[in-house]
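Here are my notes on the model you sent over. Have the structure open while you read.

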Amino acid sequence: MESLPRILCVDDDEAVLRVLAAAMRLRYDVITASGGDEALAQLAAYPDTAVIISDMWMPGMDGLALLARARE
């Protein structure tokens, strides 16, 4: 069986993460993180992640900083 493309959804609002995961779970392997540091740990664990969907305004590390770090 072919694996689904993996998407990482990042948001500090757990309700948003649940809705995103539920909306995409049939077509994608969805993993979630509630902040930037957790997202970077997920990317280290799953380096084949195809797409990152991130909230821009999160405490600690905003979405822009997260995407810049993920690109490295």
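The numbered points below go from the inside of the model to its surface.

1. A word of caution to begin with: this is a predicted model, so please read the points below in that light.

2. Start with the largest nonpolar core. Ten residues build it: Leu8, Val10, Ile31, Ala33, Ala39, Leu40, Leu43, Met58, Met61 and Leu66. At least two of them come from each of β1 (6-10), β2 (29-33) and α2 (36-45), and α2 gives the largest share, with three residues.

3. Leu8 is a good place to look around from. Not counting neighbours within four places in sequence, Leu8 is in contact with Ile31, Thr32, Ala33, Ala39, Gln42, Leu43, Thr49, Val51, Ile52 and Ile53. There is also another core, apart from the largest one, with six residues including Ile7, Cys9, Ala21 and Val30.

4. Now for the outside. Met56, Trp57 and Leu64 form a nonpolar surface patch of about 390 Å². Trp57 sits in the loop between β3 (51-54) and α3 (63-71), and it counts as exposed because its relative accessibility is 70%, over the 50% cut-off.

5. Have a look at Asp12 too, in the loop between β1 and α1 (14-24). Its relative accessible area is 38%, so Asp12 is partly exposed. Beyond four places in sequence, its contacts are Ser34, Asp55, Trp57, Met58 and Pro59. That list takes in Trp57 of the surface patch and Met58 of the largest core.

6. One distance to check on screen: Asp12 and Asp29 are 17 residues apart along the chain, and 20 Å separates their C-alpha atoms.

Methods:
Residues are numbered from 1 along each chain as its sequence is written. This is a predicted model: local features need pLDDT of at least 70, side-chain atom pairs count only at pLDDT 80 or more; totals for chains, interfaces and linings use all residues. Side-chain values use heavy atoms; hydrogens and water are left out. A nonpolar core is a set of buried Ala, Val, Leu, Ile, Met, Phe, Trp, Tyr and Cys residues joined through side-chain atoms within 4.5 Å. Buried means under 20% relative accessible area, exposed over 50%, partly exposed in between (1.4 Å probe, protein chains only). Helices (H or I, at least four residues) and strands (E, at least two) are DSSP runs, numbered from the N terminus. Contact means heavy atoms within 4.5 Å. Patches are made of residues with over 30% relative accessible area and no salt bridge: like charges are joined within 9 Å, nonpolar side chains (Val, Leu, Ile, Met, Phe, Trp, Tyr) within 5 Å. Accessible areas come from the Shrake-Rupley method with a 1.4 Å probe; for residues, only the protein chains shown count as cover. A salt bridge is a side-chain nitrogen of Lys or Arg within 4 Å of a carboxyl oxygen of Asp or Glu.
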